[in-house]
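This report describes strand pairing in one protein model. The sequence and structure are shown first, and the account of the strands follows.

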Amino acid sequence: MTSTWTEPSNTATALLLLGRGSDPASERGVDCPGDLPAPSDPDLVARATAAKAALGDRVFVLGHHYQRDEVIQFADVTGDSFKLAQQAAARPDAEFIVFCGVHFMAESADILTGKDQQVILPDLAAGCSMADMAVLGQVEAAWERFEDLGITGEIVPVTYMNSSADIKGFVGRNKGVVCTSSNAQRALTWSFEQGSKVFFLPDQHLGRNTAVLEMGFDLDDCVLYDPHKPGGGLTDDQLRNARMILWRGHCSVHGRFTLDSVREVRERVPGVNVLVHPECRHEVVRAADQVGSTEYIIKALDAAPAGSAWAVGTELNLVRRLALAHPDKQIMFLDRTVCYCSTMNRIDLPHLVWALEELVAGRVPNVITVDEDTAANARVALDQMLALP
């Protein structure tokens, strides 16, 4: 059996999000400075190849799984956000780390790399909607509410890797831990050994899915703190009784998958395996056959038998890449319409060419720097994650 990739249908919103320009609502929403090559330039691949060769071992290019193929082809390493930050830290001789991902990922790389290394984000407007949903001032206001209730001694803050350096620093200052989608259960297990409650930032779905589906909690053990409502929209008793205080944040890509998406694909493709990321909604994760991180999804499809059918609930660039890599399997996007990570897609080949050619010319563009105090506190939370049993 052979399979060909069928592109989901475009939507007006999806097409709008694939362009250039500034995004004032993004994590660090600014225009990218400098003159970018035209996207229609037929020499872009040759220019990127030449610039990377000229830089040699001075540059190390990291590519997140959700990046466009035109960018991924130039990555020295591909992976999820934490794997890439680790890879950056493992290359102390690389003068420049060009991070083809989003802002919080580049921040983590800056925290974990040496002082003589510089982390570069080809487009400063490549932020993360989920990271934007947890702003330090809002989080500190919530913590003050917990202090007023006298419950901070019971609470361990946990932040998902998909958060700003400010939030990781907050968690480090308050003796918490960072987690990834792969080790969230281990992070929560450790946290409940330190206290009786967890304050989980910023993705409500990963927190809820891990607590309920992997640790046996009840949905009633979880409450949702909404920073846009007075007191988070929760009563004093709700906060005192909760075991999981979930921040009202989510991934704009994974949050779009619905129970109807799962039902529709099962009706359309008999025997299909539904494989989703744990950032998906609780009801979607419950209805899926398998759940796991991007690395888990890749390994599951690598190991899947020829002829099997898979509907995958994660970012479209990765799903398409996996479908093309496994023509003997029927791999499709869980939803019928396009869903790219819009900010991740801001890093296209023109931006990468521009960044590399600037380095060749002796100019260092778009350096991501985390201040020393924030980096030190964030490092505490990251190191605690690395020390998890």
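Two strands are taken to pair if DSSP finds at least two bridges between them. On that basis, the predicted model contains an open sheet of five strands, ordered β2-β1-β3-β4-β14, in which the pairing is mixed. Its edge strands are β2 (77-79) and β14 (367-368), each of which pairs on one side only. Within this order, β1 and β3 are neighbours; V61 stands opposite V98 of β3.

Strand β9 takes part in two further pairings, with β7 and with β8. The table lists these together with the β1 and β3 pair.

| Strand | Partner | Sense | Bridges |
|---|---|---|---|
| β1 (residues 59-64) | β3 (residues 96-100) | parallel | five bridges |
| β7 (residues 197-201) | β9 | parallel | three bridges |
| β8 (residues 222-225) | β9 | parallel | four bridges |

M244 of β9 is the bridge partner of V198, and C222 stands opposite M244 as well. From β8 the chain passes through helix α11 (residues 236-241) to reach β9, and this β-α-β crossover is right-handed.

How do the side chains of β9 (residues 244-247) point, and are they buried or exposed? M244 and L246 point one way, whereas I245 and W247 point the other way. In a regular strand, side chains alternate between the two faces of the sheet. Each of the four residues M244, I245, L246 and W247 is buried, which means that its relative accessible area is under 20%. M244 thus combines a buried position with bridge partner V198 and a place opposite C222.

Methods
Residues are numbered from 1 along each chain as its sequence is written. This is a predicted model: local features need pLDDT of at least 70, side-chain atom pairs count only at pLDDT 80 or more; totals for chains, interfaces and linings use all residues. Side-chain values use heavy atoms; hydrogens and water are left out. Buried means under 20% relative accessible area, exposed over 50%, partly exposed in between (1.4 Å probe, protein chains only). Helices (H or I, at least four residues) and strands (E, at least two) are DSSP runs, numbered from the N terminus. A crossover is right-handed if, with the strands pointing away from the viewer, the path from the first strand over the helix to the second runs clockwise.
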